[in-house]
Amino acid sequence: MTDYLYTYAFHEDEQDLCFLEMRSLFGTDSDSKQKYIHTPRCIHPNRSPFIKERVEILYEAPCLEELLLLIEGYHIMGTFKVVFIDCHLDEKMSFDNRRSIERTVGLRVRGAASLKNPTQLLAVVRTNHNWIFGTYLKSESIWLLHQQKPQNYSTALSTRVARAVVNIAVPIIDEVKVIDPCCGIGTVLIEALSLEINIVGSDINPLATTGARENLTHFGLKGNVVLQDIRDIRESYDVMIMDMPYNLCSVLPMEDKLEMLSSARRLAQKAVVVTVEPLSSYFRMVRTHTKFVTM
């Protein structure tokens, strides 16, 4: 079985969101100091706004000398470049030492080294416990491109948060039906559809649904956006993602908020609710078998 190493980074204000996403994607708790995950699960690093890079592990050894023996004669077609990743917690290597290790590892690989436009990137990783060698894939911040929407709301989620929310809601994509019943201008829809998740959106506001359709078209995404009250939705789904409308700017009475949350019981088996106000009192009033994740 192939194992992978992922490194990730976050702003201190987003630590809890990052850890929740990592736990959803990989089924393991993260270490605030370690900032990497060793796992058999393979996902593309572009999927997460926090993942920096992925290494598909080919060899592991307790020290660099033993790793070099394992790498000796490793053959690669085309050109390659070696990247050093330092995950050691207690000490960091100097720039010169890092470059020296890259050259030393590169000399053990059979193939043509190229610093410019290599066809394959390789990585050598140092952790507190061992050394790792494997193929390297760097993340691209796809979600950043989605900030340039033709239609925007000041109260909408950031694309970074929206992408993390989608990953928390749908860690495994295959054959999952998802609904965003308060989709607004489609921030969550864009992130989900760009990950090829089967999601539909609806909203009670015709200006919002029109804006959502325009935004989807702008990014070449095909999705169903319906003008519909959440109380009128009859189809069932595996997951519901709901960013509570307007949050602190909301003028919705408690009864309406309670009815929206109660809708999760008949709409989906799992609900991820994004809110800036405490909802524990609302959940106590909602008797449901639906699994809630609040953010």
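The exercises below work through one predicted model, each with a stepwise solution.

Residues are numbered from 1 along each chain as its sequence is written. In this predicted model local features need pLDDT of at least 70, side-chain atom pairs count only at pLDDT 80 or more, and totals for chains, interfaces and linings use all residues, while side-chain values use heavy atoms and leave out hydrogens and water.

**Exercise 1. The chain as a whole**

Task: find how many helices and strands the chain has, and describe its extent, burial, contacts and charges.

Solution.

1. Take secondary structure from DSSP runs: helices are H or I of at least four residues, strands are E of at least two, and both are numbered from the N terminus. The chain has ten helices and 13 strands.
2. Lay the C-alpha trace along its principal axes. The spans are about 65 × 40 × 30 Å.
3. Classify burial by relative accessible area: buried is under 20%, exposed is over 50%, and partly exposed is in between (1.4 Å probe, protein chains only). Of the 295 residues, 49% count as buried.
4. Compute accessible area by the Shrake-Rupley method with a 1.4 Å probe; for residues, only the protein chains shown count as cover. The chain exposes about 15,200 Å², and carbon and sulfur atoms supply 50% of that area.
5. Define a contact as heavy atoms within 4.5 Å. Among contacts with a separation of 6 or more, 70% join residues 24 or more positions apart.
6. Count Lys and Arg as positive and Asp and Glu as negative, without His or the chain ends. Place each charge at NZ of Lys, CZ of Arg, CG of Asp or CD of Glu. There are 32 positive and 36 negative side chains, and the centres of the two sets lie 1 Å apart.

**Exercise 2. Helix 5 and N167**

Task: decide whether helix 5 is enclosed or open, then describe the surroundings of N167.

Solution.

1. Locate the residue. N167 is in helix 5, residues 159-169.
2. Check the helix. Ten of its eleven residues are buried, so helix 5 is largely enclosed by the rest of the structure. The buried set includes T159, R160, R163 and N167.
3. Recall the geometry. An α-helix has 3.6 residues a turn, so residues three or four places apart point the same way.
4. Check N167 itself. Its relative accessible area is 0%, so N167 is buried.
5. List the partners, leaving aside neighbours within four places in sequence. N167 is in contact with E21, S24, L25, R47, S48, P49 and L195.
6. Look for a polar contact: a pair of N or O atoms within 3.5 Å, where within protein one must be able to donate a hydrogen and the other to accept it, and residues adjacent in sequence count only if both atoms are side-chain atoms. The side chains of N167 and R47 make one at 2.6 Å.

**Exercise 3. Cysteines**

Task: find how many disulfides the structure has, and explain why C18 has no bonded partner.

Solution.

1. Apply the cut-off: a disulfide is a pair of cysteine sulfur atoms within 2.5 Å. A search of the whole structure gives zero.
2. Test C63. This residue is in no disulfide, and the nearest cysteine sulfur, that of C87, is 18 Å away.
3. Test C18. Its closest cysteine sulfur is also in C87, at 14 Å, so the pair is too far for a bond.
4. Compare exposure. C18 is buried at 0% relative accessibility, whereas C63 is partly exposed at 24%.

**Exercise 4. A loop pair**

Task: place D229 and R231, and state which side-chain contact joins them.

Solution.

1. Place both. D229 lies in the loop between strand 10 (224-227) and strand 11 (237-243), and R231 lies in that loop too.
2. Read the exposure. D229 is buried at 15%, while R231 is partly exposed at 37%.
3. Join them. A polar contact of 2.8 Å links their side chains.
4. Extend outward. Beyond four places in sequence, R231 is in contact with E259 and R266.
5. Check separations. The C-alpha atoms of D229 and N215 are 21 Å apart, with the two positions 14 residues apart in sequence numbering. R231 and V83 are 148 residues apart along the chain and 53 Å apart by C-alpha.

**Exercise 5. Positive phi**

Task: describe the settings of N117 and E175, two residues with positive phi.

Solution.

1. Start from the rule. Most residues other than glycine have a negative phi.
2. Take N117. Its phi is about 55°, and its place is the loop between strand 5 (110-113) and strand 6 (120-126). N117 is exposed at 73%.
3. Take E175. Its phi is near 55°, and it lies in the loop between helix 5 and strand 8 (177-180). E175 is exposed at 80%.
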